[in-house]
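Please look over the sequence and the model below before reading on. The briefing then takes up charged pairs, cysteines, a surface patch and two polar side chains in turn.

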Amino acid sequence: MVITFLVLLAVLMLVGTPIFIALAGSVAVAMGSFSHIPLTIVAERLFAGLDKFPLMAIPFFILTGSLMSAGGLSQRIIRLANLLVGRFTGGMGMTAVSASMFFGAISGSSPATVVSVGSLLYPAMRKEGYSGQFSIGVLVSAGSLGIIIPPSVVMIVYAAVTGVSVGALFMAGVGAGLLYAACLLPYCWYRAKKDGVTPMKPPSWSEVLLGFKDASWGLGVPLVVLGGIYLGIFTPTEAAAVSVIYALLVSALIYREKSFAELFQSMIEAATTTAQVMIILAAASVLAWFLTSNGLAAMLANAILSLSDNPYHIFLLINVTVLIAGMFLDASSIMVILAPLFYTVGIRVGIDPVHLGAVLTVNGAIGMFTPPFGLNLFVAGTISGVDYVQAVRGALPFIGIALFALILLTYIPAISMWLPNMVYGG
């Protein structure tokens with residue numbers, strides 16, 4: 001049964017079958033062929049996989065990002081980022097990184113960050129003299145910050161399948177996101193220097209203050225969300241619902257760049273995105289149940305531990321496994337399928353589950369722009385007009401930089417854990 005499942009799953013993914021069909025369908029066929037368990041269990045597990053309270057935050061955060069993007073926040077964030085770092089050599093590339101951090105703190109989604117930032121910055125970067133490959137590379141890599149910087153949809157999924165505190169994970173995401181961004185910035189400087197790109201004229205203090213004022217309402221979203229959580233005012237799920245109300249009020253009553261009909265269209269788009277995420281999570285939960293019920297999860301955990309019980313070695317195995325999985329699966333699916341397994345292994349060798357969640361999230365972020373199926377590579381093509389091969393070539397140097405950041409994050413736990421330890425007292 002297991003061999004049939006693995007072969008069918010590989011075939012379905014190779015021929016381009018949607019991921020949720022490949023996951024749930026291969027389980028259903030394998031069970032129908034070799035098991036007497038009624039196939040209704042597949043449908044039951046599909047719904048059970050979504051019956052988790054933390055997952056309720058996902059549609060709210062997706063809707064918040066959609067509303068703020070439609071309401072004119074993207075332009076304000078990019079303008080502010082450019083005012084802050086555009087004066088330096090490589091400033092436009094640094095603007096892409098900084099703007100992705102700001103927008104990631106609102107959307108919680110990597111593809112949404114790439115679209116919102118890239119659609120405005122790619123033409124501007126090409127106009128300033130940056131090469132097409134570098135421009136698209138920095139956008140797809142910086143866009144992956146959307147799932148690292150809190151609030152992160154991927155971290156919510158990790159919390160749902162492992163029981164780890166969402167608040168602690170969000171705090172760990174701050175350190176991980178800052179490290180990730182800091183590793184990208186020097187390469188932006190190097191490429192601009194090499195290509196002879198001239199930095200922009202330094203803005204005046206009044207222009208910087210005006211930029212902060214113009215973007216302040218939008219930047220209030222992470223303050224409302226994170227501040228409300230850590231002050232104990234509401235839970236992460238309640239914070240997500242509050243962020244929707246805040247985003248709607250800011251977009252409709254303060255920025256007022258879109259009509260109510262256009263804002264409603266953004267709600268429809270958010271619903272579509274939510275459905276895409278949720279159906280993958282549901283199918284991935286079927287696979288996770290299949291692996292567990294057949295003893296494969298325990299078998300894999302014991303096999304890993306038989307190789308070594310050294311946390312450094314275990315982390316190396318985890319990183320290699322998730323990086324390979326990231327070439328084919330999105331970060332949320334990886335969390336549902338692999339996080340319970342690695343959580344069990346990590347606990348047994350003394351790895352902090354919050355630190356593990358941050359490392360797995362950064363792994364998933366790298367997978368978002370790693371060929372052959374990195375989603376950001378396909379999304380970038382739709383906003384820039386570049387072909388897939390050019391997007392891959394542009395992304396390759398940034399994959400190396402991201403792997404360096406991953407190594408630092410993995411083996412220096414204090415990078416991700418200093419803030420959770422400070423907020424939660426260790």
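A residue is called buried when its relative accessible area is under 20%, exposed when that area is over 50%, and partly exposed in between. By that rule D195, at 34% relative accessibility, counts as partly exposed. The model shown here is a predicted one, and its structure holds two salt bridges, while the count of disulfides comes to zero.

**Salt bridges**

- Side chains of opposite charge can pair when their charged atoms come close.
- In one salt bridge the side chains of D214 and R76 meet, with 3.3 Å from N to O; because D214 lies in helix 11 (residues 205-230) and R76 in helix 5 (residues 73-85), this pair ties together parts that are 138 residues apart in sequence.
- The two partners of that pair can be described by their accessibility: D214 is partly exposed at 32%, whereas R76 is buried, with a relative accessible area of 12%.
- In another salt bridge the side chains of R191 and D195 meet, again with 3.3 Å from N to O, and since these residues are four apart in helix 10 (residues 166-195), about one helical turn separates them.
- Of this pair, R191 counts as buried at 18% relative accessibility, whereas D195 is partly exposed at 34%.

**Cysteines**

- A disulfide is a covalent bond between the sulfur atoms of two cysteines.
- By the rule used here there are zero disulfides, and C183 is in none, the nearest cysteine sulfur being that of C188, 12 Å away.
- Seen from the other side, the closest cysteine sulfur to that of C188 is the one in C183, and because the two are 12 Å apart they are too far from each other for a bond.
- Both cysteines fall under the heading of buried residues, since C183 has a relative accessible area of 15% and C188 has a relative accessibility of 0%.

**A nonpolar patch on the surface**

- A nonpolar patch on the surface is formed by residues including Y312, L316, F373, F378, Y411 and I412, and the whole patch has about 1,000 Å² of accessible area together.
- Helix 15 (311-326), helix 18 (375-384) and helix 19 (388-411) each supply at least two residues of the patch, and the largest share, four residues, comes from helix 15.
- One member, I412, lies in the loop between helix 19 and helix 20 (414-424), and I412 is partly exposed, with a relative accessible area of 39%.

**Two buried polar side chains**

- N376 is found in helix 18, which also supplies residues to the nonpolar patch, yet N376 itself counts as buried, at 0% relative accessibility.
- A polar atom of the N376 side chain lies 3.0 Å from the backbone oxygen of V140.
- Leaving aside neighbours within four places in sequence, N376 is in contact with several residues, among them S110, P111, V114, G143, M368 and F369.
- S26 has its place in helix 2 (residues 19-34) and counts as buried, at 0% relative accessibility.
- A polar atom of the S26 side chain lies 2.6 Å from the backbone oxygen of A22.
- Not counting residues up to four places away in sequence, S26 touches F5, L8, L9, L12 and I21.

Definitions and conventions
Residues numbered from 1 in each chain as written. Predicted model: local features only at pLDDT ≥ 70, side-chain atom pairs only at ≥ 80, totals over all residues. Heavy atoms only, no water. Patch = residues over 30% accessible without salt bridge, like charges linked within 9 Å, V, L, I, M, F, W, Y side chains within 5 Å. Areas by Shrake-Rupley, 256 points an atom, 1.4 Å probe, with all protein chains shown as cover. Salt bridge = Lys/Arg side-chain N within 4 Å of Asp/Glu carboxyl O. Buried < 20%, exposed > 50% of the residue type's maximum accessible area, 1.4 Å probe, protein only. Polar contact = N/O pair within 3.5 Å; in protein donor to acceptor, adjacent residues only side chain to side chain. Contact = heavy atoms within 4.5 Å. Disulfide = S-S within 2.5 Å.
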